[in-house]
Amino acid sequence: MEKTFLMLKPDAVQRGIIGDIVSRFEKKGFKLVALKLIQVDKTLAEEHYKEHKGKGFFGPTVEYIISSPIVAMVWEGKNVVSLAREMMGATNPANAAPGSIRGSYAVDISRNIIHGSDSVESAEREIALYFKPEEILVYDKAGETWLSE
Ligand code: GTP
Ligand code: MG
């Protein structure tokens, strides 16, 4: 089953909305297969965002990610990569649809609450950056047969 890597960024943790955001993905029908609260170091943050190295926002984004603990998660489900991105809303909360996560909880691109992998390949890379293989759990979840044929 498809997996994605989601991160609740430092602003989500500090603002006390971890539960609200996790709840959205649970209610959608996705399965949580890994979760931890961690302090990211500079090396990991730079590796995570290396595609943006050289851009003006690279340094500030790394500083933002390492400024306070984050919640790292792996979620599983049908089309979870693209559906999670839809649920997050546009990168800039000013343009994010009102009901989306960024549209509901954020106002500025420099504090946009959540990260989600942008492709299945990115998800594989990011999951491996944050989790050991044995930290990704395999289990049956009640109600799975009510989500699709
Ligand atoms: P992520 O899920 O965090 O990767 O966001 P994204 O895929 O929607 O956007 P992108 O990968 O293009 O940018 C990565 C992150 O860098 C964004 O989520 C922001 O935190 C930050 N960022 C991107 N553009 C800007 C910008 O113009 N200004 C600032 N301050 N931060 C930016
Ligand atoms: Mg991105």
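This passage walks through the nonpolar cores of a predicted model and then the surroundings of its ligand.

A good place to begin is the interior. In soluble globular proteins, nonpolar side chains tend to be buried together. Here, the largest nonpolar core is made up of 21 residues. Leu8, Ile21, Phe25, Trp75, Ile113 and Ile114 are the members with the most contacts inside this core. Several elements contribute: the strands β1 (3-8) and β3 (70-76), together with the helices α1 (10-14), α2 (18-28), α5 (80-88) and α6 (101-105), each provide at least two of the core residues. The largest share belongs to α5, with four residues.

Ile21 offers a helpful view of how this core is put together. Once its neighbours within four places in sequence are set aside, Ile21 is in contact with Leu8, Ala12, Ile101, Tyr105, Ile113 and Ile114. A second core, separate from that one, contains 20 residues, among them Tyr49, Val62, Ala72 and Phe131.

Attention now turns to the ligand. Ligand 1 is surrounded by 13 residues, of which His52, Arg85, Thr91, Asn112 and His115 are the closest. Oxygen atoms of the ligand also pair with side-chain N or O atoms of the protein. For Thr91, the distance from such an atom to an oxygen atom of ligand 1 is 2.4 Å; for Arg85, the corresponding distance is 2.8 Å; and for Arg102, the value is 3.4 Å. Taken alone, ligand 1 would expose 590 Å², and the protein buries 79% of that area.

Conventions:
Residues numbered from 1 in each chain as written. Chains lettered and ligands numbered in written order. Predicted model: local features only at pLDDT ≥ 70, side-chain atom pairs only at ≥ 80, totals over all residues. Heavy atoms only, no water. Core = buried A, V, L, I, M, F, W, Y, C linked by side-chain atoms within 4.5 Å. Buried < 20%, exposed > 50% of the residue type's maximum accessible area, 1.4 Å probe, protein only. Contact = heavy atoms within 4.5 Å. Near = heavy atom within 4 Å. Polar contact = N/O pair within 3.5 Å; in protein donor to acceptor, adjacent residues only side chain to side chain. Areas by Shrake-Rupley, 256 points an atom, 1.4 Å probe, with all protein chains shown as cover.
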